[in-house]
Amino acid sequence: MSSVTSHNEDLWIFGYGSILWKVDFPYIEQQTADITGWSRRFWQGSVDHRGVTGNPGRVVTLVESANQVCRGIAYRLGAEALESTLAHLDFRERGGYERLQIELSLNNGKSVPGITYFADEHNRNYLGDADIDVIAKQVATASGPSGRNSEYVYELETALEVIDAQDPHVTDIANHLRLLER
Ligand code: SIN
């Protein structure tokens with residue numbers, strides 16, 4: 001992993017979690033994009049957005065998975081607002097995520113370098129794998145400054161539908177959650 005510190009050119013940023021629906025930064029264009037070799041997983045704990053210390057929520061991170069494709073949205077950030085946008089996102093994602101340089105396959109057929117926010121297994125809030133029903137139960141009881149953890153799951157499910165992304169892990173958790181909330 002390498003961190004990205006300064007730029008004087010446009011930069012593509014890849015969102016696969018809350019950056020799909022909470023787009024609180026300026027950008028020039030957006031495109032559906034795929035990254036290869038990664039899967040989206042609810043393996044990251046959240047004590048600053050969708051949970052609190054002592055009752056963390058679960059949010060998504062990326063997990064290396066050979067031959068798997070993770071679909072998300074790539075946003076092209078303009079050079080002028082780049083430093084302030086990255087500073088904003090660094091703060092928003094401070095609960096364990098770091099910038100990761102990654103190759104993006106854009107919907108227009110082009111491959112471009114970009115960055116994404118990635119929470120690896122060494123960060124203090126990492127939770128890792130668990131059975132789907134355990135994850136769903138944890139999500140059902142968690143809430144934090146950004147709202148209920150269940151809302152994050154449903155927002156993600158809807159955002160993935162909009163970009164025609166099939167993600168069985170997210171669908172399974174959302175379905176379990178609906179059963180729990182009936
Ligand atoms: C992302 O959205 O790409 C990063 C993870 C998150 O904040 O949910």
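This report describes the ligand site of a predicted model and then several residues elsewhere in the chain.

The model is predicted, so local features need pLDDT of at least 70 and side-chain atom pairs count only at pLDDT 80 or more, while totals for chains, interfaces and linings use all residues. Residues are numbered from 1 along each chain as its sequence is written, and side-chain values use heavy atoms, with hydrogens and water left out.

**The ligand site**

The ligand is surrounded by Gly 15, Tyr 16, Gly 17, Ser 18, Ile 19, Val 60, Glu 93, Tyr 97 and Tyr 152. A residue counts as near the ligand if one of its heavy atoms lies within 4 Å of it. This shell divides into five nonpolar residues, three polar ones and one charged one. In this scheme Ala, Val, Leu, Ile, Met, Phe, Trp, Tyr, Cys and Pro are nonpolar, Asp, Glu, Lys and Arg are charged, and the others, Gly among them, are polar.

The ligand sits in the largest pocket. A pocket is found on a 1 Å grid over the protein atoms alone, as an open set of points with protein on both sides within 12 Å along at least five of seven lines. A molecule sits in a pocket if more than half of its atoms lie within 2 Å of the grid points of that pocket.

Oxygen atoms of the ligand make polar contacts, meaning pairs of N or O atoms within 3.5 Å; within protein, one atom must be able to donate a hydrogen and the other to accept it, and residues adjacent in sequence count only if both atoms are side-chain atoms. The table gives three contacts of the ligand.

| Ligand atom | Protein partner | Distance |
|---|---|---|
| oxygen atom | polar backbone atom of Tyr 16 | 3.0 Å |
| oxygen atom | polar backbone atom of Ser 18 | 2.8 Å |
| oxygen atom | N or O atom in the side chain of Glu 93 | 2.8 Å |

The protein covers 97% of the 250 Å² of accessible area that the ligand has on its own. Accessible areas come from the Shrake-Rupley method with a 1.4 Å probe, and for residues only the protein chains shown count as cover.

**Residues in strands**

Helices (H or I, at least four residues) and strands (E, at least two) are DSSP runs, numbered from the N terminus. Thr 116 is part of strand β5, residues 111–118. Thr 116 is buried because its relative accessibility is 0%, where buried means under 20% relative accessible area, exposed over 50%, and partly exposed in between. The side chain of Thr 116 reaches the backbone oxygen of Phe 14 at 2.8 Å.

Strand β3 (residues 57–77) contains Gln 68, and Asn 67 lies in β3 as well. Gln 68 is partly exposed at 40% relative accessibility, whereas Asn 67 is exposed at 71%. Gly 45, in strand β2 (residues 29–46), is buried with a relative accessible area of 3%.

**Positive phi and loops**

Most residues other than glycine have a negative phi. Asn 67 is not a glycine, yet its phi is positive, at about 70 degrees. Asp 164, also other than glycine, has a positive phi near 60 degrees. Asp 164 is placed in the loop between α3 (149–162) and α4 (168–181), and is exposed with a relative accessible area of 54%.

Another loop, between α1 (82–92) and β4 (98–106), holds Gly 96. Gly 96 is buried, with a relative accessible area of 11%. The C-alpha atoms of Gly 96 and Glu 29 are separated by 27 Å, and the two residues are 67 residues apart along the chain.

Key:
1 Å grid on protein atoms, 1.4 Å probe; cavity = no way out; pocket = protein on both sides within 12 Å on 5 of 7 lines; lining within 4 Å. Buried < 20%, exposed > 50% of the residue type's maximum accessible area, 1.4 Å probe, protein only.
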